[in-house]
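Hi,

Here is the structure I promised to pass on to you. Have a look at it first, and then read on for what I found in it.

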Amino acid sequence: MLVDVATIKVQAGNGGRGIVSFLREKGNARGGPNGGNGGNGGSVYLVADHNLATLIDFRSKAVYKAENGAPGQGKDMTGIDGEDIRIKVPTGTLVYELDNEEATLIGDLVEDGQELLVAKGGVGGRGNASFKSSTNQAPRQYTPGTPGEAKELKLEIKLIADIGLIGMPNAGKSTLLNHLTAAKAKVGSYPFTTLSPNLGVCRFVNGKEAVIADIPGLIEGASAGKGLGDEFLRHVERTRLLVHVVDPIPVEEDVPFAQLALHNYEVIRKELEDYSAALIDKPEVVVVNKLDITEVAEQFEDIKGSFAKKGLEVYGISAFTGRGVEELKLKLMDMLDKLPPAKPFRTAKVVKKIDIKDLPNRRMVFRIPSVEDRPIKGR
Ligand SMILES: Nc1nc2c(ncn2[C@@H]2O[C@H](COP(=O)(O)OP(=O)(O)OP(=O)(O)O)[C@@H](O)[C@H]2O)c(=O)[nH]1
Ligand SMILES: [Mg+2]
């Protein structure tokens, strides 16, 4: 089964502390302050990679930690920055921050190589050298680094495709995908052959291409968990249009094809509606499949008529022989041309990397007492 949801923890590195140090060399007993600043902690980024298709790797590892910044050193040396880590996720991953059961969408990695900063590394503290001023020639102050951010994230893949194929099991969705694209999706004469989404690329006569997603079949009650449930619908949420594949062949002999086809269509529409308002409003092309079967061909005019009464246009095809598929392709090409491009749910922003100048709050300044400051014991 496709693993398309995962929960992970990310922990950025802490900033290293600044240190207190003075120049000590022969002939210069009271050298100036030279305690360096701490290094910045490493940050955690997510990076979209189209080579990945699932979130299965996230099941075995739960916490992703970036390195801490090193403390500052004498001789004005800044501590070494902790290394950032970049975690690869499939393109099409939505990232939610979890906080007390609440999930807030913080990014949507829709393009290959897109990066999202998910946990910012802590800032290194200030060494005493940075506190030197005309009035404070021998500062003994330093600041600790700030802690790195820690977050719990929910990752969720929503495939990025132009067209989604939906319909009941056995309607011929995978057969149609294979006909329209070079995909080799499994086809079977039994329901629920497809267990996880298949993708293919269709090339149109105008030279443009469209990504088509074929998802597992839906049945009545899918929104209540029947069959394989309706969670796969998330993979057609981003599509620009749906192709609803209708199987007109009745299981019971005496039901007229036309009546059954429309009934099946409406059952699926109800499931889409229960899933989300956005899906029911998506542009749709209705396709009646299996026109190579004599009875279907004979009753196609009736089928068309029953849909027309509801104001719906249908395309008759045989995904098996390819009949009507070229016309369908032209229709899809035309519709896609008029539809806006797929939009991400939220643009992933890469927050600027941290800078040592983002100095920590003044109140965090610590001071190492000098020898003179220390109370003298026993007096
Ligand atoms: N005669 C005929 N059979 C077809 C046609 N299209 C598909 N089939 C057959 O119908 C059965 C189901 O096809 P699939 O493509 O696996 O159907 P599906 O909609 O992907 O089914 P699920 O993955 O189970 O949801 C297979 O036996 C196909 O060979 C067609 O145009 N004509
Ligand atoms: Mg299938």
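Let me start with one pair of residues: leucine 242 sits opposite glutamate 284 of strand 14. Please keep in mind while you look around that this is a predicted model.

**The six-stranded sheet**

The same two strands give a second pair, with valine 285 of strand 14 as the bridge partner of valine 243. Strand 13 (residues 241-246) and strand 14 (residues 284-288) run parallel and are joined by five bridges. On the strand 10 side, strand 13 again pairs in the parallel sense, over five bridges. There, glycine 167 is the residue opposite valine 245 of strand 13. How much of strand 13 is buried? Five of its six residues are, so to speak of it as mostly covered is fair.

These strands belong to an open sheet of six, ordered 11-12-10-13-14-15, and the pairing in it is mixed. Strand 11 (198-203) and strand 15 (314-316) are the edges; each has a single partner strand, so one side of each has no neighbour in the sheet. On average, neighbouring strands here are turned by 30° against each other, ignoring direction.

As you follow the strands, one general point may help: side chains in a regular strand alternate between the two faces of the sheet.

**The helices that go with it**

Helix 2 (residues 257-275) packs on this sheet and touches strand 10 (163-167), strand 13 and strand 14. The direction of helix 2 makes about 140° with that of strand 13. Does the length of helix 2 agree with what its residue count suggests, and why? At 1.5 Å a residue, its 19 residues should span 27 Å, and the end C-alpha atoms are 27 Å apart, so the two agree.

The buried residues of helix 2 include Phe257, Leu260, Leu262, Tyr265, Ile268, Leu272 and Tyr275. Asn264 and Glu271 are also among them. What do the buried residues of helix 2 pack against? Their partners are strand 10, strand 13, helix 3 (277-280), strand 14 and helix 4.

Helix 4 (residues 294-308), for its part, lies across strand 14 and strand 15 and runs at about 165° to strand 15.

**The five-stranded sheet**

There is also an open sheet of five strands, in the order 3-1-9-5-6, again with mixed pairing. Its edge strands are strand 3 and strand 6 (102-109), each of which pairs on one side only. The twist from one strand to the next averages 30°. Within this sheet, strand 1 (residues 5-11) runs parallel to strand 3, and three bridges join them. Valine 10 is opposite tyrosine 64 of strand 3.

**The ligand**

You will probably want to look at ligand 1 next. Which residues come nearest to it? Of the 24 residues around ligand 1, they are Gly172, Ser174, Thr194, Gly217 and Phe320. By type, the shell divides into nine nonpolar, 12 polar and three charged residues. Helix 1 (residues 173-180) supplies the largest share of the shell, three residues.

**Some loop residues**

Most residues other than glycine have a negative phi. Two residues here are worth a look in that light. Phenylalanine 192, in the loop between helix 1 and strand 11, has a positive phi near 60°. Phenylalanine 192 counts as partly exposed because it has 13 C-beta neighbours inside 10 Å.

Lysine 290 has a positive phi as well, of about 70°, although it is not a glycine. Lysine 290 lies in the loop between strand 14 and helix 4. Is lysine 290 buried or exposed? Lysine 290 is buried, because 23 other C-beta atoms lie within 10 Å and the cut-off for buried is 20 or more.

Finally, asparagine 51 is in the loop between strand 2 (44-49) and strand 3 (63-65). With 8 C-beta neighbours inside 10 Å, asparagine 51 counts as exposed, since that class takes in residues with 12 or fewer. The C-alpha atom of asparagine 51 is separated by 7.0 Å from that of proline 90, a residue 39 positions away along the chain.

Happy exploring, and best wishes!

How values were computed. Residues numbered from 1 in each chain as written. Chains lettered and ligands numbered in written order. Predicted model: local features only at pLDDT ≥ 70, side-chain atom pairs only at ≥ 80, totals over all residues. Near = placed C-beta within 6 Å. Helix = DSSP H or I, 4+ residues; strand = E, 2+ residues; numbered from the N terminus. Nonpolar A, V, L, I, M, F, W, Y, C, P; charged D, E, K, R; others polar. Pairing = 2+ DSSP bridges. Axes fitted to C-alpha atoms, helices over the stretch in contact; angles between N-to-C directions. Contact = placed C-beta atoms within 7 Å. Expected span 1.5 Å × (residues − 1).
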